[in-house]
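Student: I have a structure in front of me and would like to learn how to read it. Could you take me through the features one at a time?

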Amino acid sequence: MTIDWIAFVQVFIAAMVAAVLIVSFYALGLRMLVRAGRPPVVAPAEFTDAITVISEKEARRAEKAAAKAAKRNPLTEGQKRLALVGAYACFAVCAGAVLGGLLLIVFNH
């Protein structure tokens with residue numbers, strides 16, 4: 001049995017580049033989403049064996065801080081809209097990259 005090391009290195013480099021690009025676009029999309037004044041606020045999950053659980057008071061405080069930060073946003077409405085479109089575009093690039101990888105796996109035996 002022989003191993004094609006050049007093909008192995010090619011696959012490794014492609015996987016690393018794809019991972020870095022997907023993570024970078026996702027982080028950029030989140031950053032632009034926050035700049036657009038729409039920070040993602042996620043309700044805390046309640047686990048019985050969790051080490052730390054956020055109380056309702058802390059969750060309300062976080063939502064209030066996010067709303068206050070959105071009010072202090074120095075961007076104009078047009079800039080916020082552009083940031084929101086850019087964020088959705090970044091998320092679309094991430095989804096396209098994942099979908100393209102899945103299609104390569106399924107259809108490129």
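**Reading the model**

Tutor: Take serine 24 to begin with: its relative accessible area is 40%, so serine 24 counts as partly exposed. This is a predicted model, and the values below are computed from it.

Student: Where is serine 24 placed in the chain's secondary structure?

Tutor: Serine 24 lies in helix α1. A residue can also be located by what lies across from it in space. The C-alpha atoms of serine 24 and cysteine 94 are separated by 9.1 Å, with their positions 70 residues apart along the chain.

Student: How many helices and strands does the protein chain have?

Tutor: The protein chain has three helices and zero strands. In sequence order the pattern is α-α-α.

Student: How do I see whether distant parts of the sequence meet? What share of the contacts with a separation of 6 or more comes from residues 24 or more positions apart?

Tutor: The share is 73%. Serine 24 and cysteine 94 are one pair to look at on the model, 70 residues apart along the chain.

Student: How do I describe two helices that pass each other? At what angle do the axes of α1 and α3 cross?

Tutor: Look at the distance between the axes and then at the angle. Helix α1 covers residues 5-35, and helix α3 covers residues 77-107. Their axes come within 8 Å and cross at roughly 155°. Angles over 145 degrees count as roughly antiparallel, which means that α1 is roughly antiparallel to α3. The crossing of α1 past α3 is left-handed.

Student: Which residues make the contact?

Tutor: From α1, they include Ile22, Phe25, Leu28, Gly29 and Leu33. From α3, they include Ala83, Leu84, Ala87, Tyr88 and Cys94. By type, the residues of this contact divide into 17 nonpolar, two polar and two charged.

Student: Is there a general idea behind looking for nonpolar groups, and which residues form the largest nonpolar core here?

Tutor: In soluble globular proteins, nonpolar side chains tend to be buried together. Here the largest nonpolar core has five residues, namely Leu33, Ala36, Ala83, Leu84 and Ala87. Helix α3 gives the most to this core, with three residues. As for the whole protein chain, buried residues make up 12% of its 109 residues.

Student: Let me try one core residue. Is leucine 84 buried or exposed?

Tutor: Buried means under 20% relative accessible area. Leucine 84 has 13%, so leucine 84 is buried. Leucine 84 sits in helix α3.

Student: What does leucine 84 touch, not counting residues up to four places away in sequence?

Tutor: Leucine 84 touches Leu33, Ala36 and Arg38. For Ala36, the C-alpha to C-alpha distance from leucine 84 is 5.4 Å, although the two are 48 residues apart in sequence.

Student: And leucine 82, is that residue buried or exposed?

Tutor: Exposed means over 50%. Leucine 82 has a relative accessible area of 61%, so leucine 82 is exposed. Leucine 82 is also found in helix α3. The C-alpha atoms of leucine 82 and arginine 35 are separated by 10.0 Å, with the two residues 47 apart along the chain.

Student: What about tyrosine 88: what is its relative accessible area?

Tutor: The value is 46%, so tyrosine 88 is partly exposed. Tyrosine 88 belongs to helix α3. Leaving aside neighbours within four places in sequence, tyrosine 88 is in contact with Leu33 and Arg38. The C-alpha atoms of tyrosine 88 and glycine 29 are 6.8 Å apart, and these residues are 59 apart along the chain.

How values were computed: Residues numbered from 1 in each chain as written. Predicted model: local features only at pLDDT ≥ 70, side-chain atom pairs only at ≥ 80, totals over all residues. Heavy atoms only, no water. Core = buried A, V, L, I, M, F, W, Y, C linked by side-chain atoms within 4.5 Å. Buried < 20%, exposed > 50% of the residue type's maximum accessible area, 1.4 Å probe, protein only. Helix = DSSP H or I, 4+ residues; strand = E, 2+ residues; numbered from the N terminus. Axes fitted to C-alpha atoms, helices over the stretch in contact; angles between N-to-C directions. Parallel < 35°, antiparallel > 145°, perpendicular 65-115°, else oblique. Left-handed = near helix turned anticlockwise from the far one by under 90°. Contact = heavy atoms within 4.5 Å. Nonpolar A, V, L, I, M, F, W, Y, C, P; charged D, E, K, R; others polar.
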